[in-house]
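Visitor: Can you walk me through this model?
Guide: Sure, here it is.
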Amino acid sequence: MPISWIRENLAGAWAVMNGDSAGLTRLDTSIEGFWKSFGAIVLVLAFSLPVLLAEPALLAENATGEPPAAGPTALRFMAVAVDWVAFPLLFALLARPLGLASQFVPYIACRNWSSVIVAGVYGAVLLPYVAGLLPAAVVPYLLFAVFGLALRFSYMVARTALGVPAGLAIPIVVLEVLVSLIVEFTIGRMG
């Protein structure tokens, strides 16, 4: 994937995340672009590395006061990968009954590219903790704020890319969060 193409898709996603439907014209919403947007998981994983490194240590440090030497496991990466495809598969089943089949491809492509930006924000917030510059006690508050921002962005992507009112965008975002929680919980129990 050429850098300029990636940059253009990220710029389009950013515009949509901020409620600008003109951003959709910057996204590659062709069928080929739709499939290529799933390749953005490479960037999501790269930006998620601080999250994957920090999360086990944060949980242990907040519980015991001692940071363990914990790193990402194969199950953690698997959870990200499964989460990456679970919601699009479920939404593919729901799009036609909801009357959103024609917007499915642009929505998922935008969702995939916006996930890169959200992962970058999470990574940027956790990088100072991983580097030992931020105490564990502060991190949950920062993560809560970023989670709120991520929800807002997901809402704006659903609202703008699907062209739906708030009454439909909110349940779609709630469904996306529930799918992520189910995937995390299920794969977490495997470890």
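Guide: We will go through the salt bridges, then one helix pair.
Guide: This is a predicted model: local features need pLDDT of at least 70, side-chain atom pairs count only at pLDDT 80 or more, and totals for chains, interfaces and linings use all residues. Residues are numbered from 1 along each chain as its sequence is written, and side-chain values use heavy atoms, leaving out hydrogens and water.
Visitor: How many salt bridges does the count come to?
Guide: Three. The rule is a side-chain nitrogen of Lys or Arg within 4 Å of a carboxyl oxygen of Asp or Glu.
Visitor: Which residue forms a salt bridge with R111?
Guide: E176, with the closest N and O atoms 2.8 Å apart. E176 lies in helix 7 (residues 166–190) and R111 in helix 5, so the pair ties together parts 65 residues apart in sequence. Helices here are DSSP runs (H or I, at least four residues), numbered from the N terminus.
Visitor: Are E176 and R111 buried or exposed?
Guide: Both are buried. Buried means under 20% relative accessible area, exposed over 50%, partly exposed in between (1.4 Å probe, protein chains only).
Visitor: And where do K36 and E32 lie?
Guide: Both lie in helix 2, four residues apart, about one turn of the helix. Their side chains meet in a salt bridge at 3.1 Å, N to O. E32 is exposed at 51%, and K36 is partly exposed at 35%.
Visitor: New topic. How do the axes of helix 4 and helix 5 cross?
Guide: At roughly 160°, coming within 11 Å. Helix 4 and helix 5 are therefore roughly antiparallel (angles over 145 degrees).

Methods. Axes fitted to C-alpha atoms, helices over the stretch in contact; angles between N-to-C directions. Helix = DSSP H or I, 4+ residues; strand = E, 2+ residues; numbered from the N terminus. Parallel < 35°, antiparallel > 145°, perpendicular 65-115°, else oblique.
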